[in-house]
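Dear colleague,

I am handing over the structure we spoke about, and below it you will find my notes on what turned up. Please read them with the structure open beside you.

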Amino acid sequence: MDTTQEQKGGTQSTKEEIRFDGKLEIEIYAEQGCKGEKLIYSPSQDETLCEKCVDMCHKQFPSGRSAHGSVESFKVIGSGNFDPSWSVDAFALCAGAYSYKNPEVVRKGVKPSDGCVNTNKKANFFTFEGFPDVVMDIEPKSYHIAYSVESSLYFGYQVYANYYAFQESNQPENTGYTRLLTSSEMDDLADTVPTFQAPRDQFSLRYSPVNKPDVVAKWFESDNPPMEEVIVLIDPDNWLLRSVEKIASKVEKGHGIAEQAFFYKNPLVKELYQLVCEKNCDYTPDDAAVPYFIHRDDLRQIAPLWRTLTIKLKQMSFDDPSLNKKFHNIQLDWCAEMYGYVFAAAELGIRHTIRGQLQLRDVDTEVSPAMEKRIPMIHMGRAWFPKGTKSAEQWRHTEGRNFAYRGIQVWCKCNWTASHIIPWPIPEGTDFASRQTLRILHNSMEHFGPLPKSKYRGATTKFGYRKNFP
């Protein structure tokens with residue numbers, strides 16, 4: 001046993017590490033009797049919401065068959081300096097990726113002596129019990145946080161909040177950070193926030209989300225491309241809460257990590273891919289969404305093709321508006337840029353491990369206090385105060401009635417007052433996403449001060465809020 005001093009992002013902590021030569025693994029099989037295809041996991045495995053655990057959501061057997069709902073049997077393997085108190089518990093629901101009050105026990109306390117355990121397709125989540133905090137065999141990788149914006153009032157306060165959250169989230173000291181700005185010139189926020197600026201592609205005047213792949217491609221083509229091994233692509237409204245070093249360390253060349261997209265497992269995605277792919281058309285695209293954790297060399301290849309396919313998809317829908325109706329359920333009209341990314345990765349044969357709750361959206365189901373400590377970042381949009389909160393009435397919104405069950409809506413980025421009217425203080429009982437959204441907004445304004453008035457942002461009015469600098 002040894003004790004090491006660990007310093008990250010300006011905070012210092014003491015971590016006790018236990019080194020040993022014992023081994024514990026779980027072998028998960030597609031057939032009863034522990035036969036057929038198998039997956040092998042050790043206690044170094046973790047999911048977004050747990051450590052020393054593995055769930056089958058988004059996992060595949062070697063043949064490509066989904067492991068979720070397909071596990072017929074498993075067994076626990078122990079060797080070396082094996083402690084008899086170590087065991088594996090099996091549950092029915094994927095509690096590593098999603099929050100459940102009761103993940104439903106299938107079998108508890110399984111040890112090597114139990115041999116093969118048949119599950120009849122009921123087990124989807126496994127935890128390693130009694131196992132010490134191990135020294136992981138994963139080497140840390142350098143990484144760079146980046147996101148795409150334009151110059152506007154709408155984006156300005158998000159940039160301040162995003163950068164403040166990054167600075168407070170205990171990332172390793174060498175972590176890169178860049179605002180990727182689409183603009184005819186560098187703006188005034190570049191004096192405060194690390195920025196790469198590139199002129200817009202004219203197609204963005206018809207479809208602004210093409211700015212994202214366009215500016216990423218130009219970033220890599222520039223004299224100052226990112227040098228870190230892993231790029232973490234987020235949105236400006238993704239605000240970091242804690243270090244993502246462990247997630248980034250698991251990225252390999254040719255294989256990234258990403259959030260589950262809203263179109264997960266929708267067959268229309270593969271159908272749409274067939275309309276635009278030029279090679280690797282038998283590939284099934286990964287249903288990936290931000291945050292993307294991707295190897296630098298992979299993103300260098302993806303970015304220009306991502307831009308090309310985004311423009312191709314939108315031009316197709318402009319030429320044939322019936323496509324928007326046909327693919328309405330996967331929102332082709334606005335989300336072409338998302339499909340451009342996953343289709344580019346598919347054509348290049350670059351895979352992503354899909355994980356749940358790499359981010360917590362404002363409209364997602366609330367998580368438990370224990371789970372709150374593991375959420376890497378929020379994806380903000382709205383904020384609510386608890387029902388019955390008297391102070392909320394001064395900020396009550398009429399927009400967002402569909403979410404009235406969440407409480408009293410007091411803030412929304414859709415409202416032109418979002419840049420300067422921040423409900424404060426936050427009352428007890430406020431949900432986690434709302435609490436973090438308002439905390440970061442308030443603290444970033446305290447830290448950086450108000451956005452400077454300049455030609456780069458429109459007036460603080462309904463019409464000036466989203467006005468972008470050319």
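S434 is in contact with R382, A383 and W384, once its neighbours within four places in sequence are left aside. Please keep in mind that this is a predicted model. The place of S434 is in helix α9, and with a relative accessible area of 0% this serine counts as buried. One of the residues that S434 touches, W384, also has a charged partner, since R406 lies over the face of the W384 ring at 4.8 Å from the ring centre.

A second case of this kind involves R466, whose charged end sits over the ring of Y154, 4.1 Å from the centre of that ring.

Next come the aromatic rings. With ring centres required to lie within 6.5 Å of each other, the count comes to 25 aromatic pairs. Y163 and Y177 form one such pair, which is tilted, with 4.9 Å from centre to centre and 35° between the planes. Because Y163 lies in helix α1 (residues 153–168) and Y177 in strand β14 (residues 176–182), the pair ties together parts that are 14 residues apart in sequence. Both Y163 and Y177 are buried. Another pair is made by F385 and W395, and here the arrangement is edge-to-face, with 6.0 Å between the centres and 85° between the planes. This pair links distant parts of the chain, as F385 is in strand β23 (residues 382–385) while W395 is in the loop between β23 and β24 (408–412), ten residues apart. The cut-off for a buried residue is a relative accessible area under 20%, so F385 counts as buried at 1%, and W395 is buried as well, at 16%.

Which residues are linked into a cluster by ring pairs? They are Y147, Y160, Y163, F166, Y177 and F448, so that the tilted pair of Y163 and Y177 belongs to this cluster. F448 appears again in the surroundings of Q167, which touches H447 and F448 when residues up to four places away in sequence are not counted. Q167 lies in helix α1 and, at 35% relative accessibility, counts as partly exposed. Q167 and A30 are 137 residues apart in sequence, and their C-alpha atoms are 45 Å apart in space.

Two helices deserve a slow look together. Helix α4 (residues 267–276) and helix α5 (residues 296–319) pack at an angle of about 95°, and their axes are 11 Å apart. Angles from 65 to 115 degrees count as roughly perpendicular, and α4 and α5 are therefore roughly perpendicular to each other. On the α4 side the contact is made by L272, L275 and V276, which meet L309, K312, L313 and M316 in α5. The residues of this contact divide into six nonpolar, no polar and one charged.

Finally, there are some places where the backbone calls for attention. As background, most residues other than glycine have a negative phi, and most peptide bonds are trans. The peptide bond from V290 to P291, however, is cis, with omega near 0°, and P291 is found in strand β19 (residues 288–295). A cis peptide bond also joins W424 and P425, where omega is about 0°, and P425 lies in the loop between β24 and α9 (432–448).

As for phi, K52 has a positive value of about 50° although this residue is not a glycine. K52 lies in the loop between β6 (50–51) and β7 (53–55). Is K52 buried or exposed? At 16% relative accessibility, K52 counts as buried. N280, which is not a glycine either, has a positive phi of about 55° and lies in the loop between α4 and β19. With a relative accessible area of 28%, N280 is partly exposed.

With best wishes for your reading

How values were computed
Residues are numbered from 1 along each chain as its sequence is written. This is a predicted model: local features need pLDDT of at least 70, side-chain atom pairs count only at pLDDT 80 or more; totals for chains, interfaces and linings use all residues. Side-chain values use heavy atoms; hydrogens and water are left out. Rings of Phe, Tyr and Trp (its six-membered ring) pair if their centres lie within 6.5 Å; planes under 30 degrees apart count as stacked, over 60 as edge-to-face and the rest as tilted. Helices (H or I, at least four residues) and strands (E, at least two) are DSSP runs, numbered from the N terminus. Buried means under 20% relative accessible area, exposed over 50%, partly exposed in between (1.4 Å probe, protein chains only). A charge sits over a ring if NZ of Lys or CZ of Arg is within 6 Å of the ring centre and within 35 degrees of the ring normal. Axes are lines fitted to C-alpha atoms, for helices over the stretch in contact, and angles run from 0 to 180 degrees between N-to-C directions. Angles under 35 degrees count as roughly parallel, over 145 as roughly antiparallel, 65 to 115 as roughly perpendicular and the rest as oblique. Contact means heavy atoms within 4.5 Å. Ala, Val, Leu, Ile, Met, Phe, Trp, Tyr, Cys and Pro count as nonpolar, Asp, Glu, Lys and Arg as charged, and the others, Gly among them, as polar.
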